[in-house]
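Work through the following exercises with the structure open beside the text, and try each task before reading its solution.

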Amino acid sequence: MDFNFSSNIVLEDDLVLLRPLQTTDVENLLEISLNEPETWEYSLIRANGKENLENYIAIALKARDNKIEFPFIVFDKKSGKYAGSTRFYDIQLSFKTLQLGYTWYGSAFRGTGLNKHCKYLLLQYTFETMGMERVEFRADNNNQRSVAAMKSIGCKVEGVLRNHMPTFGSDVRRDTIILSIVREEWFDEVKENLRQKL
């Protein structure tokens with residue numbers, strides 16, 4: 001399967017628009033970065049503060065250049081503001097799998113339905129355009145908000161990797177919960193169930 005990492009993928013519906021993340025998006029995300037540092041509480045790569053945000057975007061764009069990730073910026077049409085970011089990562093075209101994550105939104109956009117719209121568009125693209133067989137999701141097992149959000153879109157819990165990764169600025173290691181949606185589930189139930197919630 002062929003996937004063009006340099007293509008200008010734009011996914012949108014009546015509420016949200018996702019487009020490729022760019023270096024200039026530092027300005028579009030700076031307000032959240034400066035005012036809501038807790039957004040990255042469970043992240044190893046922080047985007048709080050301008051310098052960290054610049055670094056975060058640079059790392060994401062380098063991964064896109066290396067053809068292993070495809071990062072998006074999320075625009076909320078209702079408010080006319082940029083809401084956050086998400087990405088495809090660990091893209092394994094030969095295995096027809098990828099992970100969906102590095103997702104974060106400013107507090108004003110949480111609980112608004114924005115995430116479900118984003119996930120619907122991203123999952124539709126992965127299964128129906130890219131032809132993926134499996135989409136995987138991971139999170140710190142303590143990040144209950146993130147885990148609940150993934151379950152609410154139809155992800156199935158597969159298990160927990162114990163003592164899996166370091167945590168930012170600490171000797172404590174995190175347990176990582178693994179969830180997924182596979183192709184048959186998308187077409188049989190997840191797509192319609194998620195569409196009903198939009």
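The exercises below concern a predicted model, and each task is followed by a stepwise solution.

**Exercise 1. Helix α3**

Determine whether the end-to-end span of helix α3 agrees with its number of residues, and describe how far the helix is covered.

*Solution.* Step one is to take the extent of the helix, which runs over residues 114–129 and so has 16 residues. Step two is to apply a rise of 1.5 Å a residue, from which a span of 22 Å is expected, and to set this beside the distance between the end C-alpha atoms, which is 22 Å and therefore agrees. Step three turns to burial: twelve of the 16 residues of α3 are buried, among them Leu114, His117, Lys119, Tyr125 and Phe127. Beyond the helix, α3 is followed by glycine 131, whose phi is positive, near 75°.

**Exercise 2. Positive phi outside glycine**

Locate lysine 67 and asparagine 163, and classify each as buried, partly exposed or exposed.

*Solution.* Begin with lysine 67, which lies in the loop between α2 and β3 and has a positive phi near 60°. Its relative accessibility is 54%, and because exposed means over 50%, lysine 67 counts as exposed. Asparagine 163, by contrast in setting, is placed in strand β7, with a positive phi of about 55° although it is not a glycine. At 47% relative accessibility, asparagine 163 therefore counts as partly exposed.

**Exercise 3. The largest pocket**

Describe the largest pocket by its volume, its lining and the elements that supply that lining.

*Solution.* The volume comes to about 1,300 Å³, and the lining consists of 47 residues, of which Ser43, Tyr102, Thr103, Asn143 and Ser146 lie nearest the centre. Next, assign the lining to elements: β5, α3, β6, α4, β7 and β8 each supply at least two residues, and β5 gives the most, with seven. Finally, sort the lining of this pocket by chemical class, which yields 20 nonpolar, 17 polar and ten charged residues.

**Exercise 4. Glutamate 36 and the second largest pocket**

Establish whether glutamate 36 is buried or exposed, and which pocket it helps to line.

*Solution.* Glutamate 36 is found in the loop between α1 and α2, and its relative accessibility of 14% means that it counts as buried. Leaving aside residues up to four places away in sequence, glutamate 36 touches Gly106, Ser107 and Arg110. Both Glu36 and Ser107 belong to the lining of the second largest pocket, which holds about 180 Å³ of space. To that lining α1 gives the most, with six residues, and by class the lining divides into five nonpolar, three polar and four charged residues.

Methods
Residues are numbered from 1 along each chain as its sequence is written. This is a predicted model: local features need pLDDT of at least 70, side-chain atom pairs count only at pLDDT 80 or more; totals for chains, interfaces and linings use all residues. Side-chain values use heavy atoms; hydrogens and water are left out. Helices (H or I, at least four residues) and strands (E, at least two) are DSSP runs, numbered from the N terminus. The expected span of a helix is 1.5 Å times one less than its number of residues. Buried means under 20% relative accessible area, exposed over 50%, partly exposed in between (1.4 Å probe, protein chains only). Contact means heavy atoms within 4.5 Å. On a 1 Å grid over the protein atoms alone, a cavity is a set of points where a 1.4 Å probe fits but cannot get out, and a pocket is an open set with protein on both sides within 12 Å along at least five of seven lines; lining residues have an atom within 4 Å of a point. Grid points are joined across faces, edges and corners, and a volume is the space filled by probe spheres set on the points. Ala, Val, Leu, Ile, Met, Phe, Trp, Tyr, Cys and Pro count as nonpolar, Asp, Glu, Lys and Arg as charged, and the others, Gly among them, as polar.
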